[in-house]
Amino acid sequence: MNPEKVVFGFFIVLALTLNFGFFVGELDNPNHHHAWELFVVIVVNMIATVLKFGDRTQMGAVLLATSLVAMIQLIAASLVWTFAVYASDGGLTNSVMASIVSLSGGAMIANVVSVTLLVIETVMLRR
């Protein structure tokens with residue numbers, strides 16, 4: 001067993017599951033989506049992205065691309081949240097929260113693609 005591959009797979013799957021945890025709940029209800037949970041999702045996705053930089057294969061390039069898409073979506077969600085809370089008169093309204101959760105949903109789809117590719121790559125390995 002390769003410990004490097006275990007850590008790699010761990011962070012990819014953890015990124016997906018944490019993102020799913022943030023995404024679940026009523027789309028527009030701020031009580032169902034916590035800011036710290038989004039922060040943890042961003043940090044774990046950053047770690048997963050950094051781990052993907054070393055792979056020089058075509059599959060590695062696609063995995064990195066999915067991770068970068070997830071990061072862009074999550075950073076956009078955090079910027080919308082920050083702007084709504086600190087720079088907007090309206091505050092964190094239901095429609096703003098729906099936008100934040102929708103952006104995290106896009107990141108979750110990118111994470112699903114990443115995990116699917118990881119599973120495909122693992123199945124294709126021959127001993």
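1. Glutamate 37 touches Leu18, Gly21 and Phe22, setting aside residues up to four places away in sequence. The residue sits in helix 2 of what is a predicted model. The C-alpha atoms of glutamate 37 and leucine 18 are separated by 7.7 Å, with their positions 19 residues apart along the chain. Glutamate 37 counts as partly exposed, because its relative accessibility of 28% falls between the cut-offs of 20% for buried and 50% for exposed.

2. On the overall fold: the protein chain has four helices and zero strands, and the pattern read along the sequence is α-α-α-α. The C-alpha trace spans about 60 × 25 × 20 Å along its principal axes. Of contacts between residues at least 6 apart in sequence, 69% join residues at least 24 apart.

3. On burial and surface: the protein chain has 127 residues, of which 37% count as buried. About 7600 Å² is exposed, and carbon and sulfur atoms supply 70% of that area.

4. On the annotation: an unreviewed UniProt entry lists residues 7-24, 36-54, 61-84 and 96-120 under "transmembrane region". Two of these spans can be set against the model. Residues 61-84 are 100% helix and 0% strand, with the end C-alpha atoms 35 Å apart. Residues 36-54 are 84% helix and 0% strand, and there the end C-alpha atoms lie 29 Å apart.

5. Which residues touch the most other members of the largest nonpolar core? They are Phe22, Leu38, Ile42, Leu74, Trp81, Met97 and Ile100, in a core of 16 residues. Two or more residues each are given to this core by helix 2 (35-51), helix 3 (58-86) and helix 4 (94-124). Another core, of eight residues, lies apart from it; Phe8, Leu16, Leu63 and Val115 are among its members.

6. Leucine 74 is worth a separate look. Beyond its neighbours within four places in sequence, leucine 74 is in contact with Asn19, Leu38, Val41, Ile42, Asn45, Ser104 and Ala107. Of these partners, Leu38 and Ile42 are also named among the core residues that touch the most other members.

7. On the nonpolar surface patch: Val7, Trp36, Phe39, Val40, Val43, Ile47 and Leu51 form it, and together they have about 600 Å² of accessible area. Helix 2 supplies the largest share, six residues. One of the patch members is isoleucine 47, which is found in helix 2 and is partly exposed at a relative accessible area of 33%.

8. Is threonine 49 buried or exposed? Threonine 49 is buried, because its relative accessible area is 6% and the cut-off is under 20%. This residue also lies in helix 2. Its contacts, not counting residues up to four places away in sequence, are Leu64, Ser67, Leu68 and Met71. Helix 2 therefore carries both a partly exposed residue, isoleucine 47, and a buried one, threonine 49.

9. Leucine 27 is in the loop between helix 1 (3-23) and helix 2. With a relative accessible area of 41%, leucine 27 is partly exposed. Outside its neighbours within four places in sequence, leucine 27 is in contact with His33, Met97, Ala98, Val101 and Ser102. For the last of these, serine 102, the C-alpha atom is separated from that of leucine 27 by 7.8 Å, although the two are 75 residues apart along the chain. Met97 also appears in the largest nonpolar core.

10. Phenylalanine 20 lies in helix 1. The residue is partly exposed, with a relative accessible area of 47%. Its C-alpha atom and that of serine 104 are separated by 8.6 Å, and the pair is 84 residues apart along the chain. Serine 104 is also one of the contacts of leucine 74.

11. How is glycine 105 placed, buried or exposed? Glycine 105 counts as buried, at 9% relative accessibility, and its place is in helix 4. The C-alpha atoms of glycine 105 and lysine 52 are separated by 21 Å, the two residues being 53 apart along the chain.

Technical notes: Residues numbered from 1 in each chain as written. Predicted model: local features only at pLDDT ≥ 70, side-chain atom pairs only at ≥ 80, totals over all residues. Heavy atoms only, no water. UniProt positions renumbered as here; feature names shortened; annotations may be inferred. Core = buried A, V, L, I, M, F, W, Y, C linked by side-chain atoms within 4.5 Å. Buried < 20%, exposed > 50% of the residue type's maximum accessible area, 1.4 Å probe, protein only. Contact = heavy atoms within 4.5 Å. Patch = residues over 30% accessible without salt bridge, like charges linked within 9 Å, V, L, I, M, F, W, Y side chains within 5 Å. Areas by Shrake-Rupley, 256 points an atom, 1.4 Å probe, with all protein chains shown as cover. Salt bridge = Lys/Arg side-chain N within 4 Å of Asp/Glu carboxyl O.
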